[in-house]
Every structure is written in C-alpha cells, then in structure tokens.
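Trainee: Could you take me through one part of this protein in detail? I would like a close look at the sheet and what is packed around it.

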Amino acid sequence: MAQDWNRSALLVIDMQKDFIEDGAPLLVKGAKDIVPNVIKAVEVARQRGILIVWVVREHDPLGRDVELFRRHLYTTGKVGPTSMGSEGAELVDGLVIREGDYKLVKTRFSAFFATHLHSVLQGAGVNSLVITGVQTPNCIRQTIFDAVALDYQPVTAIIDATAAATPDIHLANMLDMRNIGVATPTLQEWSESNA
C-alpha cells in the first residue's frame with residue numbers, strides 16, 4: 001500500500017546559522033555535514049506534496065524567553081543566539097521557506113511544547129511525521145517523543161538528515177527512538193520508499 005503523503009509532514013528543525021555555521025555560538029559539530037541531505041529531503045517532500053514545517057528557535061533579544069541555563073548568553077549589549085531578526089536566526093544557505101510551507105517558532109527543545117504545532121497538524125489532516133535537523137539528543141528527541149505521545153504514526157527520523165555533536169551521541173539517541181517504534185531510514189531509503 002502506498003504512503004498517503006498528503007497525511008504527512010516534514011519537520012525541519014533548527015537548521016539555522018547559529019547552530020550550523022563555523023564559529024556559531026550554539027554550533028552542533030555534525031550539523032554542517034547534513035545540510036545537503038536536509039535540502040534533498042525538502043526537495044523530495046515538495047515532489048510528494050508533503051507539508052513542510054520549518055521549526056525554528058527565535059528568542060527575545062534580551063533572553064526573557066530562553067531556558068534558564070542559556071540566559072547567560074543574552075547579556076546586556078550583546079545579541080544572543082537565534083535572537084528574533086538576527087542573522088544567526090536565519091536558515092542556512094540552501095534552505096528556503098516557500099509559499100505553502102509553514103514556519104513554527106519555538107523557544108524550547110520540543111516543537112510541541114507551548115506551541116500550536118499539534119493544532120496546525122491536526123487541521124491539515126496530518127498523522128505521520130518525518131523529522132530532519134539538529135540536535136538529536138535535544139530538539140529532535142524531545143519533538144519525536146512528544147509526537148509518539150500524541151499518537152502520530154508513523155514517526156520517522158531520517159538518520160543522515162539529523163545530527164548531534166558526535167556520531168556516538170547521534171546513534172545512541174537513534175537507538176532509543178527505534179526502541180519506541182520510530183523508523184530511522186537513510187535519506188536514500190526514505191526517498192525511494194512508497195510505504
């Protein structure tokens with residue numbers, strides 16, 4: 001049975017300059033390597049008519065909506081990471097939000113926490129999620145665990161279009177996700193799949 005791609009959404013999580021570019025304040029070491037695969041996943045999603053949700057962090061420049069453990073990065077006179085309107089909050093080169101896509105701003109790890117993502121997905125008739133982006137043990141993992149708790153099925157994390165600081169951290173988290181029923185195909189496997 002072929003996948004009903006109209007009932008799926010691709011979440012592109014935190015593919016922003018402050019997480020990916022060399023010298024970025026919140027650099028995820030493995031992030032730059034996955035950019036081409038995330039670009040390709042977006043292309044495949046567009047071809048299939050899958051809803052693309054750009055999940056980004058955008059914070060108050062004074063850090064008032066940032067987790068307590070990161071507030072020190074938002075000192076007086078200094079623009080903190082992923083501050084609203086800053087260059088660091090922009091998507092990396094090659095990733096572009098287009099008409100028909102949806103942009104969701106979050107201020108915590110999970111794309112579901114204190115956002116309206118679940119309502120948007122329900123309104124679009126989405127019950128299946130495909131996840132790409134950074135960082136595996138934080139934003140990817142939290143979003144996926146919340147998606148599973150909300151009964152999205154299937155939930156897929158493209159293993160080579162997601163990244164962490166090290167390959168070991170990435171693979172350990174992928175194993176945890178597989179253990180709760182999450183599919184972890186490569187980009188090629190996902191691109192060639194019909195089910």
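Mentor: Happy to: here is a walk from the sheet to its helices, then to the cores and the charged pairs.

Please keep in mind that this is a predicted model. The sheet is open and has five strands, paired in parallel and ordered β3-β2-β1-β4-β5. Its edges are formed by β3 (102-106) and β5 (155-163); each has a single partner strand, so one side of each is left without a neighbour in the sheet. On average, neighbouring strands are turned by 20° against each other, if direction is ignored.

Let us look at one of those pairings. Strand β4, residues 128-134, runs parallel to β5 and is joined to β5 by five bridges. In this pairing V134 stands opposite A163 of β5.

Now add the helices. Helix α2, residues 31-48, packs on the sheet and touches β1 (8-13), β2 (51-57), β4 and β5. The direction of α2 makes about 140° with that of β5. Helix α4, residues 136-149, lies across β1, β2, β3, β4 and β5, and runs at about 170° to β4.

Next, the nonpolar interior. The largest nonpolar core has 33 residues, and the members that touch the most others are L10, V12, M15, L95, V134 and W190. Two or more residues of this core come from each of β1, α1 (17-20), α2, β2, β4, β5 and α6 (187-192). Helix α2 gives the largest share, eight residues.

V134 deserves a second visit, since this residue of β4 is also among the core members with the most contacts to other members. Setting aside neighbours within four places in sequence, V134 is in contact with I13, D14, M15, F19, V28, A31, I34, C139, I140 and A163. One of these partners, A163, is the residue that stands opposite V134 in β5. There is also a second, separate core of 25 residues, which includes F112, I144, Y152 and M177.

That leaves the charged side chains. Side chains of opposite charge can pair when their charged atoms come close. This structure holds 10 salt bridges. One of them brings us back to helix α2: the side chains of D101 and R46 meet with 2.9 Å from N to O. The pair links distant parts of the chain, with D101 in the loop between β2 and β3 and R46 in helix α2, 55 residues apart. D101 has a relative accessible area of 16% and is buried, whereas R46, at 26%, is partly exposed.

Two further pairs are worth inspecting in your viewer. D60 forms a salt bridge with R64, where the closest N and O atoms are 2.8 Å apart. D60 is buried, with a relative accessible area of 16%, while R64 is exposed at 59%. In the other pair, the side chains of R70 and E67 meet at 3.8 Å, N to O. R70 counts as buried at 14% relative accessibility, and E67 is buried too, with a relative accessible area of 7%. Finally, K17, E87 and E90 are joined into one network by salt bridges that share partners.

If you want a single residue to start from, try V134: it stands opposite A163 in β5, and it touches M15, another of the core members with the most contacts to other members.

How values were computed: Residues numbered from 1 in each chain as written. Predicted model: local features only at pLDDT ≥ 70, side-chain atom pairs only at ≥ 80, totals over all residues. Heavy atoms only, no water. Pairing = 2+ DSSP bridges. Helix = DSSP H or I, 4+ residues; strand = E, 2+ residues; numbered from the N terminus. Axes fitted to C-alpha atoms, helices over the stretch in contact; angles between N-to-C directions. Contact = heavy atoms within 4.5 Å. Core = buried A, V, L, I, M, F, W, Y, C linked by side-chain atoms within 4.5 Å. Buried < 20%, exposed > 50% of the residue type's maximum accessible area, 1.4 Å probe, protein only. Salt bridge = Lys/Arg side-chain N within 4 Å of Asp/Glu carboxyl O.
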